[in-house]
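Dear colleague,

I am handing over the structure below, and would ask you to look at it alongside the notes that follow, which deal with its aromatic side chains.

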Amino acid sequence: MSIDTQKYKIVRMYFKGGKRTINTGLTLEQAQEHCSNPETSSSTCTLAKNVRRTKTMGAWFDGYEKN
């Protein structure tokens, strides 16, 4: 039996260009859980801080990549 030890990072990507890492060292399940939250996309977020980010930075979303 093989245990998956691969770690993932959360990357915030902006449609106008650019991206930044916002979290590292996550399991695949943790990364997928983060990205399934409606607050991790400009098209579905409702929290004031995320709405402000959208107004300032334009459209964005969180995705995950292997570390």
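The charged end of Arg53 lies over the ring of Trp60, at 4.8 Å from the ring's centre. Please keep in mind that this is a predicted model, and that what follows is computed from it.

As for rings that pair with one another, the count comes to 2 aromatic pairs. In one of these, the ring centres of Tyr8 and Tyr64 are 5.9 Å apart and the planes stand at 85 degrees, so the pair is edge-to-face, given that planes over 60 degrees apart are classed in this way. The pair links distant parts of the chain, since Tyr8 belongs to strand S1 (residues 8-14) and Tyr64 to strand S3 (residues 60-66), 56 residues apart. Tyr8 has a relative accessibility of 8% and therefore counts as buried, the cut-off being under 20%, whereas Tyr64, at 34%, counts as partly exposed.

Phe15 and Phe61 also form an aromatic pair, and this one is tilted, with 5.5 Å from centre to centre and 45 degrees between the planes. Here too distant parts of the chain are linked, with Phe15 in the loop between S1 and strand S2 (19-26) and Phe61 in strand S3, 46 residues apart. Because its relative accessibility is 59%, Phe15 counts as exposed, for which the cut-off is over 50%, while Phe61, at 29%, counts as partly exposed.

With best regards

Notes:
Residues are numbered from 1 along each chain as its sequence is written. This is a predicted model: local features need pLDDT of at least 70, side-chain atom pairs count only at pLDDT 80 or more; totals for chains, interfaces and linings use all residues. Side-chain values use heavy atoms; hydrogens and water are left out. Rings of Phe, Tyr and Trp (its six-membered ring) pair if their centres lie within 6.5 Å; planes under 30 degrees apart count as stacked, over 60 as edge-to-face and the rest as tilted. Helices (H or I, at least four residues) and strands (E, at least two) are DSSP runs, numbered from the N terminus. Buried means under 20% relative accessible area, exposed over 50%, partly exposed in between (1.4 Å probe, protein chains only). A charge sits over a ring if NZ of Lys or CZ of Arg is within 6 Å of the ring centre and within 35 degrees of the ring normal.
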